[in-house]
Amino acid sequence: MFLQIPNGWLNHLRKEIQEDYFLDLDKFVEYEYQTQTIFPPYEQIFNAFEYCSYDEVRVVIIGQDPYHGENQANGLAFSINEQVRIPPSLRNIYKEIAADLEHDIPQTGNLEHWARQGILLINATLTVRAHKAASHKNKGWEKFTTALIKKIAEEKENVVFLLWGAHAQKKGKEINKNKHCILESVHPSPLSAFRGFFGSKHFSKTNDYLRSKNLPEIKW
């Protein structure tokens, strides 16, 4: 599985993927793909790395679990394949962007164009069984993605971390606020978006920060 990780990322993660827990995770994931229906497709597990190189990371958005319905997950957090109905959390993200930046709401939920601009769209867990949310929880992915975020925070500077919900905020608790921009709110889920995600203006604030560091803005 780890052979799918692009070389630019592999250079920074080589030590991590040699840890015993990751070797166990690798065996588990390989067996699951051989015996179950797993999402995203095997070759898309590390799409977050494929579309956003390590050197180009400017923004990190942390999700939880891949979508577990047919033809939904594409390896990017919150993103969904073309021609698939936009899920509620992503629709709320689009609503906030529309209000914040006076944009039209897109008709597609594929966020590949975000990733290609330097946004790492990373879920805490990178795989899931079909129709069984959180089925790959506590198998090792969380430890891997926590180490990944820590490495980015330690090795890079001037990265914007968008931490939506308690789960993402827990992962980002050790990020140095003097080196990076941390924007927190409740999760964009319909259950919580009205308690602070709407009106947070995280998208304009992200671009304000990037501009202040002479970095390219994101075309949301």
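These numbered points concern a residue in a loop, two cysteines and a strand pair in a predicted model.

1. I45 lies in the loop that runs between β1 (38-39) and α3 (47-51), and despite this loop position I45 counts as buried because its relative accessibility is 1%, under the 20% cut-off for that class. Once neighbours within four places in sequence are left aside, the residues in contact with I45 are M1, Q4, V29, Y33, P40, G75, L126, T127 and W141. As for V84, it is 39 residues away from I45 in sequence, and the C-alpha atoms of the two are 19 Å apart in space.

2. The structure contains zero disulfides. C52 takes part in none, the nearest cysteine sulfur being that of C181 at 17 Å, and C181 likewise is in no disulfide, with the sulfur of C52 as its nearest cysteine sulfur at 17 Å; a disulfide would need the two sulfur atoms within 2.5 Å. C52 counts as buried because its relative accessibility is 0%, and C181 also counts as buried because its value is 12%.

3. Strand β3 (residues 119-123) is mostly covered, with five of its five residues buried. In a regular strand the side chains alternate between the two faces of the sheet. Both faces of β3 are covered, since I119, L121 and N123 on one side are buried, as are L120 and I122 on the other.

4. The pairing of β3 with strand β2 (residues 59-63) is in the parallel sense and extends over five bridges. Within this pair, I61 stands opposite L121 in β3, and L121 is one of the buried residues on its side of β3.

Key: Residues numbered from 1 in each chain as written. Predicted model: local features only at pLDDT ≥ 70, side-chain atom pairs only at ≥ 80, totals over all residues. Heavy atoms only, no water. Helix = DSSP H or I, 4+ residues; strand = E, 2+ residues; numbered from the N terminus. Buried < 20%, exposed > 50% of the residue type's maximum accessible area, 1.4 Å probe, protein only. Contact = heavy atoms within 4.5 Å. Pairing = 2+ DSSP bridges.
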